[in-house]
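Please take a moment to look over the sequence and the model shown here before reading on. The paragraphs below then walk through it step by step.

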Amino acid sequence: MAAAVYGASEGLHTVMVEREAPGGQAGMSARIENYLGFPTGLSGGDLARRAVFQAQRFGVEILAPQEAVGVRTEGSYRIIKLVDGNEISCHALMIATGVQWRRLEAPGIDRLQGAGIYYGGGATEALSCQGEIVYVVGGANSAGQAAMNFAKYAERVVILVRGDSLSSTMSQYLIEQVQQTPNIQLWTHASVAEVHGETHLDEISVLCSDTNKTERVPASAMFIFIGALPRTDWLASVVERDERGFLLTGPDLIRDGQRPKGWAVDRDPFLLETNVPGIFAVGDVRHGSIKRVASGVGEGSVAVQFIHQYLSKV
């Protein structure tokens, strides 16, 4: 969204292809409190809506719902193939597809997904948890934000983490908020062994790694925040990726002082440029990115300057 706003506001004919809803993972956050300029915080949905309005005001063409399934190069053009068979040609392509939630593997989870078990969770889900016992699986900021939101409505919120604390995965301000909220409980050394229920989640079995015992507890809802992986298989034959599928850019492409194989431009790749000149990657889909809203906005904004530099030489 940031790249679309900056690109269009600086005179580039900008088209955004969106598979689901603009805003991605940030758009699903219950509350973002560490984004500069919003001291009381704002919801991810609100931030996404503002960004869409801003982009449209500058003339960004938004194709949604639509999905890119392939990309190829023809001379100075980068051509995107869409899932409906149509193609879009452009001089510069920016990939900001983010990541998809990692699935939790335990008996019963797939069967009860959408019936008490959810990946992610926002304001709508929180409202439905009035007076209930809610479990949040995960220890990163997204899990902490969700727990704080659920705590406003639920009788009790239990955060399950495999480690012995939140200090290595969650921002300190959020840890302090969790600790100061009386109806949030942190359960460390814990993982989900199984979930139970016929048509809706009723109970979960929690394995305690420090005692090697399994405890079966009542649960009305469980929200899973255990990390995410990129969906970049559609780029595999064109853009270089790391072993987890994140896109390599800039200095990460230089090995033993050598530019990437097939690099035909007399310069090193720009900071946010992939191994294909004119194809850029920003945000969570990029190898080594900082998983924060502000850094995603920053990368999207900065990459537009590299695009201008690239286009000036094409």
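What follows moves from the whole chain to its cores, then to two helices, and finally to single residues.

The model is a predicted one, and its chain is built with eight helices and 17 strands. The radius of gyration is 21 Å, close to the 20 Å that the globule rule gives for 314 residues, so the chain is as compact as a globular protein of that length. Measured out along its principal axes, the C-alpha trace spans about 60 × 40 × 40 Å. Of the 314 residues, 46% count as buried, while the chain exposes about 15,900 Å², of which carbon and sulfur atoms supply 49%. Among the contacts with a separation of 6 or more, 59% are accounted for by residues that stand 24 or more positions apart.

The interior can be approached through its nonpolar cores. The largest nonpolar core has 47 residues, and those that touch the most other members are Tyr135, Leu160, Trp187, Val195, Ile204 and Met222. Apart from this core lies another, of 16 residues, among them Ile80, Cys90, Val239 and Ala281. Tryptophan 187 deserves a look of its own: leaving out residues up to four places away in sequence, tryptophan 187 touches Tyr135, Val158, Ile159, Leu160 and Val161, and also Val206, Cys208, Glu215 and Val217.

Two helices show how elements are covered by their surroundings. Helix H1, residues 2–9, is mostly covered, with six of its eight residues buried; these are Ala2, Ala3, Ala4, Val5, Gly7 and Ala8. The buried residues of H1 pack against two strands, E1 (15–17) and E6 (93–95), and against two helices, H3 (44–57) and H8 (293–313). After H1 comes glycine 11, whose phi is positive, near 95°.

In helix H7, residues 172–179, the buried residues are Leu174, Ile175 and Val178. Around the axis they cover an arc of only 105°, which means that they lie on the same side of H7. The cover over these buried residues includes helix H6 (141–150) together with strands E10 (156–160) and E11 (184–187).

Several details of the backbone lie in loops. Between strand E2 (61–63) and strand E3 (68–74) runs the loop that holds proline 65, and the peptide bond leading from alanine 64 to proline 65 is cis, with omega near -5°. Asparagine 212 sits in the loop between strand E13 (203–208) and strand E14 (213–218), where its phi is near 60°, a positive value in a residue other than glycine. Asparagine 212 counts as exposed because its relative accessibility is 65%, a value over the 50% cut-off.

The loop between E16 and E17 contains aspartate 256, for which phi is again a positive value in a residue other than glycine, near 55°. With a relative accessibility of 80%, aspartate 256 counts as exposed. Arginine 267 is found in the loop between strand E16 (228–229) and strand E17 (279–281), yet arginine 267 is buried, since its relative accessible area is 17% and the cut-off for buried is under 20%. Not counting residues up to four places away in sequence, arginine 267 touches Arg259, Glu273 and Tyr310.

Where does tyrosine 77 lie? Tyrosine 77 belongs to strand E4, residues 77–82, and is partly exposed, with a relative accessible area of 38%. Leaving aside neighbours within four places in sequence, tyrosine 77 is in contact with Arg72, Ser89, Cys90 and His91. Proline 39 is 38 residues from tyrosine 77 along the chain, and the C-alpha atoms of these two residues are separated by 43 Å.

The cysteines close this tour. Cysteine 90, one of the contacts of tyrosine 77, is buried at a relative accessible area of 16%, and cysteine 129 also counts as buried, at 2% relative accessibility. A disulfide is a covalent bond between the sulfur atoms of two cysteines. A search of the whole structure finds zero disulfides.

How values were computed: Residues numbered from 1 in each chain as written. Predicted model: local features only at pLDDT ≥ 70, side-chain atom pairs only at ≥ 80, totals over all residues. Heavy atoms only, no water. Buried < 20%, exposed > 50% of the residue type's maximum accessible area, 1.4 Å probe, protein only. Helix = DSSP H or I, 4+ residues; strand = E, 2+ residues; numbered from the N terminus. Contact = heavy atoms within 4.5 Å. Core = buried A, V, L, I, M, F, W, Y, C linked by side-chain atoms within 4.5 Å. Arc of directions from axis to C-beta. Rg over C-alpha atoms; globule rule 2.2 N^0.38 Å. Areas by Shrake-Rupley, 256 points an atom, 1.4 Å probe, with all protein chains shown as cover. Disulfide = S-S within 2.5 Å.
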